[in-house]
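Please open the structure in your viewer and keep the selection tool at hand. The stops below state what to select and what is found there.

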Amino acid sequence: MLILLIFSAFLSWLACAVMMRFGRSSAKKYSLFAPQRFHAGDVSRLGGVAILLACAWGWAWMVVAGPYFGIANGISFDARSALVWFVITLAAMGGGVAEDLTHKLGPAWRLGGTLAAGIAAAWLLDARIVR
C-alpha cells in the first residue's frame with residue numbers, strides 16, 4: 001500500500017507540474033479582484049484535477065493488482081466500485097473545474113453537482129448513517 005501512496009503522490013505532482021506549465025492561459029483569465037484569489041501572480045486553480053488523476057490511477061491499480069499481478073493490497077476493490085467512485089468524484093468536481101475554466105458557472109450549479117454526487121454516492125454505494 002505504501003508504494004501505491006508514493007506512486008499516486010508522484011502522479012499528482014507530475015500532473016500539477018504539467019498543468020502549471022501548460023495551464024497558464026486559464027490562470028490569466030482569473031481576475032485579480034476575484035473573491036477566492038489568494039495567490040500573487042497567475043496560478044491555475046485546477047489542482048483538483050491532478051488529485052483526481054492520482055486517485056483514479058490508485059483505484060485502477062487496486063482493481064488490477066491482485067488478479068493480474070498477484071500483488072495483495074489488503075483492500076477488496078472491484079471494477080464496479082472503482083468506476084462508481086470515479087463517476088461520483090467526477091460529478092462532484094465537474095462544476096468546480098467548469099467554473100475554473102470558464103469563470104461563468106454560479107455557486108448554485110456547483111452546489112447542485114455536489115448534491116447530485118452525494119445522492120449518487122448514497123444510492124450506488126449504499127452509504128448511510130445508522131444511529
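Select G48, which is partly exposed, with a relative accessible area of 30%; buried means under 20% relative accessible area, exposed over 50%, and partly exposed in between, computed with a 1.4 Å probe on protein chains only. G48 lies in helix 3, where helices (H or I, at least four residues) and strands (E, at least two) are DSSP runs, numbered from the N terminus. Now add C16 to the selection: G48 and C16 are 32 residues apart in sequence, and their C-alpha atoms are 9.0 Å apart in space.

Before moving on, note that this is a predicted model, in which local features need pLDDT of at least 70 and side-chain atom pairs count only at pLDDT 80 or more, while totals for chains, interfaces and linings use all residues. Residues are numbered from 1 along each chain as its sequence is written, and side-chain values use heavy atoms, with hydrogens and water left out.

**The whole protein**

Display the full chain as a cartoon. The protein has five helices and zero strands, so that from the N terminus on its elements run α-α-α-α-α. Of the 131 residues in the protein, 26% are buried. Contact means heavy atoms within 4.5 Å. Among contacts between residues at least 6 apart in sequence, 59% join residues at least 24 apart.

**Helix 1**

Select residues 2-22, which form helix 1. Helix 1 has 21 residues and reaches 30 Å from its first C-alpha to its last, close to the 30 Å expected at 1.5 Å a residue; the expected span is 1.5 Å times one less than the number of residues.

Which residues of helix 1 are buried? They are L4, S8, S12, A15 and M19. They cover an arc of only 70 degrees around the axis, which puts them on the same side of helix 1; the arc is that of the directions from the helix axis to the C-beta atoms. An α-helix has 3.6 residues a turn, so residues three or four places apart point the same way. Rotate the view to find the face turned away from the buried side of helix 1, which carries the exposed residues L2, I3, W13, M20 and R21.

Next, select S8 in helix 1. S8 is buried, with a relative accessible area of 13%. Not counting residues up to four places away in sequence, S8 touches A54, W57 and G58.

**Helix 1 against helix 3**

Keep helix 1 displayed and add residues 47-69, which form helix 3. Two packed helices are described by the angle between their axes and the distance between the axes. Helix 1 and helix 3 pack at an angle of about 145 degrees, with their axes 8 Å apart. Here axes are lines fitted to C-alpha atoms, for helices over the stretch in contact, and angles run from 0 to 180 degrees between N-to-C directions.

To view the contact itself, show the side chains on both helices. On helix 1, the residues in contact are L4, F7, S8, L11, S12, A15, C16 and M19. They meet G47, V49, A50, I51, L53, A54, W57, G58, W61 and M62 in helix 3. The residues of this contact divide into 14 nonpolar, four polar and no charged; Ala, Val, Leu, Ile, Met, Phe, Trp, Tyr, Cys and Pro count as nonpolar, Asp, Glu, Lys and Arg as charged, and the others, Gly among them, as polar.

**The loop before helix 5**

Select L105, in the loop between helix 4 and helix 5. At 25% relative accessibility, L105 counts as partly exposed. L105 touches G95, A98, E99 and R110, not counting residues up to four places away in sequence. The C-alpha atoms of L105 and G95 are separated by 7.4 Å, although the two residues are ten apart along the chain.

**Helix 5 and beyond**

Select residues 107-124, which form helix 5. Its 18 residues reach 25 Å from the first C-alpha to the last, close to the 26 Å expected at 1.5 Å a residue. The buried residues of helix 5 are G113, A117 and A121. Seen down the axis of helix 5, these fall within an arc of 75 degrees, so they line one face of the helix. Add residues 79-102 to the view: the buried residues of helix 5 pack against this element, helix 4.

Turn to the opposite face of helix 5, away from its buried side, to find the exposed residues P107, A108, L111, L115, I119 and W123. Among them, L115 has a relative accessible area of 55%.

Finally, select D126, in the segment after helix 5. Phi of D126 is near 55 degrees, a positive value in a residue other than glycine. D126 is partly exposed, with a relative accessible area of 48%.
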